[in-house]
Amino acid sequence: MESEAAPARLSTLPPLDIPKKPDIVLRPRANSKSKPKSTVDPVLRNALRYTISAREYETLHKYVLSRSRLLRKRVPSVSAVERYMDGSSGTRRRSITDRDAARNKAKEKASGGAASRGDTYNTRAIRDSLRVFIATGIGMRAYEMVLARLKAQKEATAPQKKQPFYKSSGLRLSLSLSTILLLYRLLFRFLSRLRVHLLDPSATPFRNRNPKIAQTLTSPYAPAIGASLAGLALSIYPSKQLRVTVAIAAIFRALEFGWNLCEDEGLIWGWKIRAGGKGMVKRERPWWWGSWMLQPFAFGQLLHATVFDRECSPISFVDFIWKSSSTYLHNAPRNLPAGVKWPNAWEIADSLARMAKLNWPPFTSPTLFPDQPTLSSSLTTVAPLTAQAHPLIASLSCATLHPSDPSCLRTYLTFWAHSFPRMGRFFLLFYSMLMLPRYKWLYNSPLYFINRLLSRVLRLTTFATGAISTAWASICFFQTWFPRTFLPTQRFFLGGFLAGLWAWVERKEGRSVFLYSARTSVDSLWKVGVKRRWWRAMKGGDIWVFVLALAITGAVYERDARAIRESRVRKGISWVRGTEFRDWGIEEEEEEEDTHSREE
């Protein structure tokens, strides 16, 4: 056909010449609509963004607001809130369709971002920081109110001066934690973007001119280590015991993560040749190795500090031991004369310290020798105890700890008979409350639940009773078998070391207890060293310890997230970085395994 053989030729028209009339304003048509102006208030929009995200509002609307007729009519829809946060004009009225919701969900999974344009990284960082500030403020206020109620009688007798609100420890703690979170996210984001820019080929001249700086900033650990400087905001909180405790706990966890990483890479136990001579395999950890090995050293240091450095020992921890040692620390009798002062637990500990410094002087019974002086002037505090001591007792420490019974072994067995049931009831009640969130176990498998609870209570009771009894009995044992001048003051550390060996009983599930006592011992050891001038205290040293802990934790997480064993901790680190409360390391491994299996 001719039409197919030759293309049709279209006639071309010359362009129209439109005269320019700048002074004439064109009048719009009657049926045309001008573009509506956005009625979104930027201040209110930012306040809403920093309060709740569009996705959170969708969840709140789905499960709470839409269930009430009154609220459903008054509150805006999900799509309206999304448009308001985005700064749109709000001309659309229909809600999100299933297709759009699926598309938004896929975008969130791919980018880890938000469902709307207004929910940026900085917005989420400020919003989470505000929430941390409010939550910790409410928690500290509730804690202070409960503590005030418990100490109402003491406060009535000795009223304390009220502090201004801006100087309160609760406000400063909330401000410190929220600032740490905000600065960490901002620094981590900035350093991550800077690293990407420096790795770009366009930054080659800068890398050539500054090789050391470029190598430092392009390191995969640079964002994590640089963001750890946010820990300096811990200095907003006053220098108190809580700040030191937080720093020690953080560095302990960081060192634990570092140890796990070194173990996973074979740096601790080394490598061995695989069976058959093909390849290398990591050596397994010895079966006897564990955190229980910290207990002998921790208990030895704590017992020595309790006796010789009372102000450097953990008061609450030691008071629990005093209350559990009624066999060795006796209460005042009911028929005590009015003018006689009965020594308390701390005075008895001070007297034991003086005995050790005097090379454990022998005991002279006042019953057998009533006319001779039986105590030196520095030990008159325990005179009410030694005055009624059995004449067969030959040691002054035994006359102080068990004056009515000359047998140290019988006193040791009596301690077990009295303390084991009482301590067992305490731990049974304590762990029963801790296992309340696992009540489903009691319904689904009650025998397993009861067996697990009782076995844990029995092991922990045996450990605690054995450790406390061994610490007291070691004093009598060393008095019997050691010369008076042999390790007179170091005996307490040796006795605590022997007491810590009872941790073997609870070595499988007592890790939290072992780490708590180890942290307490490190804190006490540092204070003892400062007191005795073994080292000098550094102003703000706990702040730098906390910064170092953040750096180690971030570097380990960047190197291998599996070195952090707990999934909740990995999710928490991901949330602190601003990448949502997700276990990214494990999810990426699962995706790679799925991809590899599909390819095969």
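## Buried contacts, salt bridges and cysteines in a predicted model

Glutamine 295 sits in helix α14. The model is a predicted one. Glutamine 295 counts as buried, because its relative accessibility is 0%. Beyond its neighbours within four places in sequence, glutamine 295 contacts Phe463, Gly500, Ala503, Val513, Phe514 and Ser517.

Threonine 520 belongs to helix α23. Threonine 520 is buried too, with a relative accessible area of 12%. Its contacts, leaving aside neighbours within four places in sequence, are Leu302 and Pro314.

### Salt bridges

How many salt bridges does the model hold? The count comes to 25 salt bridges. Three of them are set out below.

| Salt bridge | N to O distance | First residue, relative accessibility | Second residue, relative accessibility |
|---|---|---|---|
| Aspartate 309 and arginine 532 | 2.9 Å | Aspartate 309, 2% | Arginine 532, 34% |
| Arginine 577 and glutamate 558 | 2.8 Å | Arginine 577, 6% | Glutamate 558, 36% |
| Arginine 570 and aspartate 583 | 2.9 Å | Arginine 570, 7% | Aspartate 583, 7% |

Take the pair of aspartate 309 and arginine 532, whose side chains meet in a salt bridge at 2.9 Å, N to O. Aspartate 309 lies in the loop between α14 (294–308) and α15, and arginine 532 in the loop between α23 (511–531) and α24 (541–559), so the pair ties together parts 223 residues apart in sequence. Aspartate 309 is buried at a relative accessible area of 2%. Arginine 532 is partly exposed at 34%.

Next come arginine 577 and glutamate 558, with their closest N and O atoms 2.8 Å apart. Arginine 577 is in helix α25 (residues 567–577) and glutamate 558 in helix α24, so this salt bridge ties together parts 19 residues apart in sequence. Is arginine 577 buried or exposed? Arginine 577 counts as buried, because its relative accessibility is 6%. Glutamate 558 is partly exposed, with a relative accessible area of 36%.

Arginine 570 and aspartate 583 also meet through their side chains, at 2.9 Å, N to O. This pair links distant parts of the chain: arginine 570 is in helix α25, and aspartate 583 is in the loop between α25 and α26 (584–599), 13 residues apart. Arginine 570 counts as buried at 7% relative accessibility. Aspartate 583 is buried as well, with a relative accessible area of 7%.

Salt bridges also form a network. Arg253, Glu256, Arg511 and Glu566 are linked in it.

### Helix packing

Helix α15 (residues 315–323) packs with helix α16 (residues 345–357) at an angle of about 95°, and their axes are 11 Å apart. That angle makes α15 roughly perpendicular to α16. Which residues meet in this contact? From α15 come Ile315, Val318, Asp319 and Trp322; from α16 come Ala345, Trp346 and Ala349. The residues of the contact divide into 6 nonpolar, no polar and 1 charged.

### Cysteines

A disulfide is a covalent bond between the sulfur atoms of two cysteines. The model's count comes to 0 disulfides. Why is cysteine 408 not bonded to cysteine 398? The sulfur of cysteine 398 is the closest cysteine sulfur to that of cysteine 408, but at 3.6 Å it is too far for a bond. The cut-off for a disulfide is a pair of cysteine sulfur atoms within 2.5 Å. Cysteine 408 is partly exposed, with a relative accessible area of 27%. Cysteine 262 counts as partly exposed as well, because its relative accessibility is 28%.

### Leucine 60

Where is leucine 60 placed? Leucine 60 is in helix α3 (residues 54–63). Leucine 60 counts as partly exposed, because its relative accessibility is 35%. Not counting residues up to four places away in sequence, leucine 60 touches Ile52 and Leu65. Valine 78 lies 18 residues from leucine 60 along the chain, and their C-alpha atoms are separated by 9.7 Å.

Key: Residues are numbered from 1 along each chain as its sequence is written. This is a predicted model: local features need pLDDT of at least 70, side-chain atom pairs count only at pLDDT 80 or more; totals for chains, interfaces and linings use all residues. Side-chain values use heavy atoms; hydrogens and water are left out. Helices (H or I, at least four residues) and strands (E, at least two) are DSSP runs, numbered from the N terminus. Buried means under 20% relative accessible area, exposed over 50%, partly exposed in between (1.4 Å probe, protein chains only). Contact means heavy atoms within 4.5 Å. Axes are lines fitted to C-alpha atoms, for helices over the stretch in contact, and angles run from 0 to 180 degrees between N-to-C directions. Angles under 35 degrees count as roughly parallel, over 145 as roughly antiparallel, 65 to 115 as roughly perpendicular and the rest as oblique. Ala, Val, Leu, Ile, Met, Phe, Trp, Tyr, Cys and Pro count as nonpolar, Asp, Glu, Lys and Arg as charged, and the others, Gly among them, as polar. A salt bridge is a side-chain nitrogen of Lys or Arg within 4 Å of a carboxyl oxygen of Asp or Glu.
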